[in-house]
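This report is meant for someone meeting the structure for the first time. Please look over the sequence and the structure, and then read on.

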Amino acid sequence: MIVITTPTGRIGRRVVDGVLAAGAPARLIVRDASRLPAEVRERAEVVEGSHGDPDVVAKAFAGADAVFWLAPPDHRAASLDDIYSRFAEPACEAFKSQGVQRVVAVSALGRGVLPDAGHVTATLAMDDLIAGTGVHFRALTLPTFMDNMLGQAESIKNDGVFFSALPADRKLPTCACRDIADAAVRLLLDPEWTGRGDVPVLGPEDLSNDDMARIMSEVLGRPVRYQRVSVEAFKQSMLARGVSEANAQGLAEMMVAKENGLDDAEPRTPETSSPTTFRQWCEEELKPAVLG
């Protein structure tokens with residue numbers, strides 16, 4: 001039995017599809033079962049509720065062999081620990097009480113690189129908490145997601161511009177959510193791995209924001225440019241959207257850390273590279289969102 005959290009999210013829904021396509025038994029934790037496609041509800045067990053709720057995870061993890069873990073976003077959280085470690089505490093108790101063998105978690109690059117990296121630092125603390133339960137644990141260590149660009153689809157469509165606090169020429173890895181899900185599915189279906197380890201998913205190439213603007217312009221057939229904003233302006237834009245102070249500060253710290261080498265420490269190898277190029281992602285995901 002494989003338990004999947006966040007089964008309606010960009011990564012989680014693909015994990016569900018991969019596990020069901022392999023014929024493996026799946027149990028999904030979801031706040032609202034009506035958000036799941038009918039064919040998924042027919043093929044998987046469903047436990048309604050939050051995976052931060054002790055009763056929900058105790059029920060969902062009973063008899064489970066493996067769990068896909070992703071801490072959901074909480075834009076109004078009072079602290080980063082509330083989003084990550086504190087949210088995961090009930091699940092960690094249930095991993096032990098229900099005898100879960102393996103956990104695969106969405107995590108981040110940068111362990112040991114910089115001391116203050118906002119959301120990344122909090123994510124890595126959550127990893128330590130999970131691994132401390134004694135489960136066999138794999139952290140999918142990830143750079144920025146290509147799919148995050150969908151949050152700027154309206155600006156790209158209407159004004160031909162996207163924003164970040166990073167230098168225009170700073171080349172960094174990015175990865176597609178589909179490749180993250182594929183990596184998770186491979187691990188969830190494999191009962192042989194043991195111990196603790198990281199599984200980087202780096203995409204196939206390092207790109208700067210200027211590189212991305214050029215590729216988007218070519219794919220969309222219209223000019224797209226990148227505009228850098230200050231870290232403070234980036235933070236203020238988050239606050240203006242209703243993001244909490246702690247959350248916005250954590251995002252700002254993470255952005256500074258990325259500029260200063262957070263995502264550079266993991267060497268690119270055939271094993272750490274994932275297949276989806278930014279151009280392919282733009283053709284298949286961004287183009288429909290902007291021009292559709």
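Why is strand S5 (residues 102-106) largely enclosed by the rest of the structure? In this predicted model, five of the five residues of the strand are buried, and S5 is therefore largely enclosed by what surrounds it. The cover reaches both faces, since Arg102, Val104 and Val106 are buried on one side, while Val103 and Ala105 are buried on the other.

Strand S5 also has pairing partners. Strand S4 (residues 66-69) runs parallel to S5 and is joined to it by four bridges, and strand S6 (residues 136-141) pairs with S5, also in the parallel sense, over five bridges. Ala105 has a place in both pairings, for it stands opposite Trp69 and opposite Ala139 in S6. Between S5 and S6 the chain passes through helix H6 (residues 119-131), and the β-α-β crossover made in this way is right-handed.

Helix H8 (residues 177-188) is another covered element, with 10 of its 12 residues buried; among them are Cys177, Ile180, Val185, Leu187 and Leu188. Its length fits its residue count, because 12 residues at 1.5 Å a residue should span 16 Å, and the C-alpha atoms at the two ends are indeed 16 Å apart.

Cys177, which belongs to H8, leads on to the cysteines. How many disulfides does the structure hold? It holds zero, and for Cys175 the reason lies in distance, because the closest cysteine sulfur, in Cys177, is 7.0 Å away, too far for a bond. Cys177 is likewise in no disulfide, its nearest cysteine sulfur being that of Cys175. The table gives the accessibility of these two residues.

| Residue | Relative accessibility | Class |
|---|---|---|
| Cys175 | 0% | buried |
| Cys177 | 2% | buried |

Turning to the whole, the protein contains 12 helices and 12 strands, and buried residues make up 53% of its 292 residues. A compact globule with 292 residues would have a radius of gyration near 19 Å, and the protein, at 19 Å, agrees with that expectation. Along the principal axes, its C-alpha atoms fill a box of roughly 55 × 40 × 40 Å. Of the contacts with a separation of 6 or more, 77% are between residues that lie 24 or more positions apart.

Definitions and conventions. Residues are numbered from 1 along each chain as its sequence is written. This is a predicted model: local features need pLDDT of at least 70, side-chain atom pairs count only at pLDDT 80 or more; totals for chains, interfaces and linings use all residues. Side-chain values use heavy atoms; hydrogens and water are left out. Buried means under 20% relative accessible area, exposed over 50%, partly exposed in between (1.4 Å probe, protein chains only). Two strands pair if DSSP finds at least two bridges between them. A crossover is right-handed if, with the strands pointing away from the viewer, the path from the first strand over the helix to the second runs clockwise. The expected span of a helix is 1.5 Å times one less than its number of residues. A disulfide is a pair of cysteine sulfur atoms within 2.5 Å. The radius of gyration is taken over C-alpha atoms; the globule rule is 2.2 Å times the number of residues to the power 0.38. Contact means heavy atoms within 4.5 Å.
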